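User: Please take a close look at the sheet in this model. I would like to know how its strands are arranged, what surrounds them, and how the rest of the chain fits in.

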Amino acid sequence: MSIEVCNESGVAVDESLIVSVARYALDAMGVSPAVELAITAVTTEVMTELHERWMDEPGPTDVMAFPMDELAEDSRRPDAPDIGPALLGDVVLCPAFAKDQARKAGHGLADELYLLTVHGVLHLLGYDHGEPEQEREMFGLQNKLLADWHTSRAQAAAREAQHRSDSHVLGTVGLEDD
């Protein structure tokens with residue numbers, strides 16, 4: 001799975017964690033590891049242009065998703081060559097716009113960007129929130145994916161801390177850590 005992040009926003013963004021949450025969401029949703037995803041962080045001005053051009057709505061927004069390839073295996077011809085990497089699409093984030101949302105939600109910009117990344121990925125996978133039932137489904141899934149990702153990160157950090165502690169103790173008593 002190839003996930004590229006390009007930060008053109010002028011706002012510091014932890015690209016490795018954006019990739020991590022996107023990869024976690026795609027893996028959890030059972031998306032083929034052959035997909036490619038592009039995530040771009042842009043300025044408010046660029047997001048305004050995109051929002052007006054593609055959604056015909058004024059002003060900037062927090063996230064937009066631009067799906068690309070159809071990943072359905074059954075849509076391919078039987079004599080088609082093996083499927084190569086498929087471009088899932090682009091997620092465009094606007095950190096400057098998201099900053100106010102984060103403040104209103106009572107969390108930091110980083111958490112807002114993780115949420116928006118998952119939100120964009122779900123849009124690429126065909127989820128929408130135009131109707132109340134769709135919104136409940138999409139936002140419920142989004143919240144579950146984020147919570148599970150945070151839990152997996154906390155567990156990995158705890159394992160790493162335990163390993164460091166064990167290594168220190170073993171080193172102190174002259175035993176080598178296998």
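Analyst: Start with the sheet itself. Four strands form an open sheet, and their order is E1-E2-E4-E3. The pairing is mixed. The model is a predicted one, so every value here is computed from predicted coordinates.

Which strands stand at the edges? They are E1, residues 2-7, and E3, residues 63-67. Each has a single partner strand, so one side of each is left without a neighbour in the sheet. Neighbouring strands are turned by 15 degrees against each other on average, with direction ignored.

Now take the pairs in order. Strands of a sheet pair through backbone hydrogen bonds, either parallel or antiparallel. Both senses appear in this sheet, as its pairing is mixed.

E1 and E2 pair in the parallel sense, over six bridges. One register point is Asn7, whose bridge partner in E2 is Ala41.

E2 and E4 also pair in the parallel sense, here over seven bridges. Leu37 stands opposite Gly89 in E4.

E3 and E4 break the pattern. E4 covers residues 86-93, and its pairing with E3 is antiparallel over five bridges. Two register points help you trace this pair. Met64 stands opposite Val92 in E4. Phe66 has Asp90 of E4 as its bridge partner.

Next, burial. E2 spans residues 35-41. This strand is mostly covered, with six of its seven residues buried. In E4, six of the eight residues are buried, so E4 is largely enclosed by the rest of the structure.

Two residues are worth a closer look. The first is Thr40, which lies in E2. Is Thr40 buried or exposed? Its relative accessible area is 18%, and the cut-off for buried is under 20%, so Thr40 counts as buried. Leaving out residues up to four places away in sequence, Thr40 touches Cys6, Glu8, Val91, Val92 and Leu93. Cys6 falls within the residue range of E1. Val91, Val92 and Leu93 fall within that of E4.

The second is Glu4, in strand E1. Glu4 is exposed, because its relative accessible area of 56% is over the 50% cut-off. Still, Glu4 has contacts. With residues up to four places away in sequence not counted, Glu4 touches Leu37, Ala38 and Ile39. Those residues sit within the range of E2. Glu4 and Ile18 are 14 residues apart along the chain, and their C-alpha atoms are separated by 9.6 Å.

What packs on the sheet? Helix H2, residues 44-55, does so, touching E3 and E4. The direction of H2 makes about 50 degrees with that of E3.

Follow the chain out of H2 and you reach Asp56. This residue is found in the loop between H2 and E3. Its backbone stands out: phi is positive, about 55 degrees, although Asp56 is not a glycine. Most residues other than glycine have a negative phi. Asp56 is also exposed, with a relative accessible area of 70%.

Beyond the sheet, look at two helices. H3 covers residues 95-105 and H4 covers residues 109-124. They pack at an angle of about 110 degrees, with axes 8 Å apart. That angle makes H3 roughly perpendicular to H4. H3 brings Pro95, Ala98, Lys99, Gln101, Ala102 and Ala105 to the contact. H4 brings Leu109, Glu112, Leu113 and Leu116. Sorted by class, that contact has seven nonpolar residues, one polar and two charged.

Finally, the whole chain. It holds five helices and four strands. From the N terminus on, the elements run β-α-β-α-β-β-α-α-α. Among contacts between residues at least 6 apart in sequence, 62% join residues at least 24 apart. Of the 178 residues, 32% are buried. The chain exposes about 10600 Å², and carbon and sulfur atoms supply 51% of that area.

To recap the part you asked about: the order is E1-E2-E4-E3. E1 and E3 stand at the edges. E2 is mostly covered, and E4 is largely enclosed by the rest of the structure. H2 packs on this sheet, touching E3 and E4.

Note on methods:
Residues are numbered from 1 along each chain as its sequence is written. This is a predicted model: local features need pLDDT of at least 70, side-chain atom pairs count only at pLDDT 80 or more; totals for chains, interfaces and linings use all residues. Side-chain values use heavy atoms; hydrogens and water are left out. Axes are lines fitted to C-alpha atoms, for helices over the stretch in contact, and angles run from 0 to 180 degrees between N-to-C directions. Angles under 35 degrees count as roughly parallel, over 145 as roughly antiparallel, 65 to 115 as roughly perpendicular and the rest as oblique. Contact means heavy atoms within 4.5 Å. Ala, Val, Leu, Ile, Met, Phe, Trp, Tyr, Cys and Pro count as nonpolar, Asp, Glu, Lys and Arg as charged, and the others, Gly among them, as polar. Two strands pair if DSSP finds at least two bridges between them. Buried means under 20% relative accessible area, exposed over 50%, partly exposed in between (1.4 Å probe, protein chains only). Accessible areas come from the Shrake-Rupley method with a 1.4 Å probe; for residues, only the protein chains shown count as cover.
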